[in-house]
Number of protein chains: 2
Amino acid sequence: MVVWERPEPPDRPVPAPLSRERIVGAAIRLADADGLDAVSLRKVAAVLDVGPMRLYGYIATKDELLDLMLDAVHAEVRPSGDGWREVLRSLAAATRRAAHRHDWLTDLLGGRPHLGPNTLTTGDAVLTALADLPLDLVVPAVAAVNAYVIGAVRKETAERRAERSSGMDKGEWQVAHGPYLLRQFAEGKYPALSRVVHDGPHLTPDETFDAGLDFLLDGIAARIPR
Amino acid sequence: MVVWERPEPPDRPVPAPLSRERIVGAAIRLADADGLDAVSLRKVAAVLDVGPMRLYGYIATKDELLDLMLDAVHAEVRPSGDGWREVLRSLAAATRRAAHRHDWLTDLLGGRPHLGPNTLTTGDAVLTALADLPLDLVVPAVAAVNAYVIGAVRKETAERRAERSSGMDKGEWQVAHGPYLLRQFAEGKYPALSRVVHDGPHLTPDETFDAGLDFLLDGIAARIPR
DNA sequence: AATCGACTGATACAGTGTATTGACCAATAC
DNA sequence: GTATTGGTCAATACACTGTATCAGTCGATT
């Protein structure tokens with residue numbers, strides 16, 4: 001019996017060639033599923049069915065892998081809209097959305113200066129769309145919005161993680177740590193804090209984020225000469 | 001010859017009793033000197049001349065130690081001044097100063113929700129001093145300023161670290177990565193970015209920080225009804 | 001005086017990033 | 001055709017990490 005066509009070896013399918021892209025993709029998938037701590041070179045290599053040291057042919061160090069992950073996500077972040085205000089708002093929203101999709105992004109955002117191609121492309125697109133803002137304002141405005149978004153998203157993520165870690169329930173975290181705070185309040189400590197918690201507005205995360213961003217954009221607008 | 005006062009045994013001075021404070025202090029000193037990565041339970045224990053496991057009598061986990069470090073530094077952060085604007089500005093400045101003194105603070109700030117006594121005291125002091133701001137504005141205003149400061153400080157620290165890591169010199173980092181960017185610019189990539197880098201204003205870190213904070217404060221002020 | 005209980009120090013384990021080493025395999029030189 | 005060389009890849013090794021466990025010691029109580 002003649003074998004006309006050699007069948008592919010069944011148990012060892014032709015392995016896709018390794019590449020930076022495949023490594024970064026595997027790392028992102030791991031981080032999405034189990035958090036940034038789950039991204040170890042050994043685990044990434046295991047996902048790709050490869051020895052850990054193989055990765056060093058494509059990546060100099062783990063930090064470089066983190067940079068590549070950060071830059072890869074920046075491909076999703078592009079501004080849209082007309083006019084500086086809409087552009088900055090859409091940039092903020094896109095960054096926030098990306099951080100919600102990949103909640104490990106928070107730990108990398110702003111963590112190191114970053115000159116990856118996607119990040120630079122995003123930056124260039126933003127600056128291009130900001131033509132109607134005086135040049136003197138462009139730099140500080142973008143810097144301020146970026147700083148605000150990074151800080152705001154960081155806090156949101158921290159709270160979401162705390163909630164999630166102490167049980168799936170919505171206000172579980174408040175149940176866990178609320179009593180401690182309430183006891184402090186009952187003892188007369190932190191009166192101003194107590195008053196605000198009782199009488200102040202209770203805003204959703206979206207409302208809080210938008211309120212702060214509006215402050216910032218209003219302040220920028222006030223600086224435009226006319 | 002009579003020894004009236006027993007001299008302290010020279011080679012084994014009476015060991016100060018271990019305490020949370022001493023542990024946190026040692027950890028902070030380590031972090032100040034060699035960065036947050038240098039804070040391992042083993043090293044902290046070694047500084048205190050103690051076995052690593054001893055620490056677990058005072059601390060449940062390493063994360064708790066980090067929380068304690070964060071709260072300890074918040075003792076340095078207190079608002080001052082009269083009127084909501086000065087108060088928020090002093091809060092921002094104090095936080096930034098603390099982050100400059102302890103550049104590991106950046107990695108902890110906003111990293112997890114935090115209810116330590118010093119943090120709560122600071123928060124209470126801020127809210128007390130914000131009596132002249134409408135209650136509806138207090139919560140979002142404080143949240144926005146905090147978010148901005150966290151993000152801005154994070155970026156500053158990242159840049160300072162990058163500079164420092166590539167040599168002590170001032171603009172060393174620009175020397176290391178500048179050529180890459182310039183080559184990209186020369187190839188016609190990122191034209192808007194290139195234009196801003198060439199023609200835009202070059203601000204010092206202080207100026208950048210203050211500019212963004214002014215945007216924010218102006219935007220808050222615009223929301224005060226009168 | 002004996003027993004018990006707390007506290008301490010050592011050891012152990014599973015994991016990390018990365019340097020080094022040794023085997024193999026293809027291409028070149030004689 | 002054989003020998004050598006150069007490059008690639010897997011495995012091992014090292015110095016760490018946070019923390020669980022456990023055996024021993026020492027003080028206090030019965």
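Here are a few friendly notes on the predicted model above.

1. First, the conventions. Residue numbers start from 1 along each chain as its sequence is written, while chains are lettered from A and ligands numbered from 1 in the order in which they are written. Because this is a predicted model, local features need pLDDT of at least 70 and side-chain atom pairs count only at pLDDT 80 or more, whereas totals for chains, interfaces and linings use all residues.

2. A turn of 180° with a shift of 0.0 Å along the axis lays chain A on chain B at an RMSD of 0.1 Å (least squares on C-alpha atoms of residues with pLDDT of at least 70 in both copies). That is how a two-fold axis relates copies. The same surface serves both: 100% of the contact residues of chain A recur in chain B (contact: C-beta atoms, placed from the backbone, within 7 Å).

3. Now to DNA strand D. Of the 13 residues around the strand, Met53(A), Ser40(B), Leu41(B), Arg42(B) and Lys62(B) come nearest (near: C-beta atom, placed from the backbone, within 6 Å). Helix H2 (residues 41-47) of chain B gives the most to this surface, with three residues (helices are DSSP runs of H or I, at least four residues, numbered from the N terminus).

4. Ala143(B) sits in helix H7 (residues 135-165) of chain B. Leaving out residues up to four places away in sequence, Ala143(B) touches Thr208(A) and Gly212(A).

5. From the record: an unreviewed UniProt entry annotates residues 17-77 of chain A as "domain: HTH tetR-type"; such annotations may be inferred rather than shown by experiment. Over residues 17-77, chain A is 57% helix and 0% strand, with end C-alpha atoms 28 Å apart.

Note on methods
Contact = placed C-beta atoms within 7 Å. Helix = DSSP H or I, 4+ residues; strand = E, 2+ residues; numbered from the N terminus.
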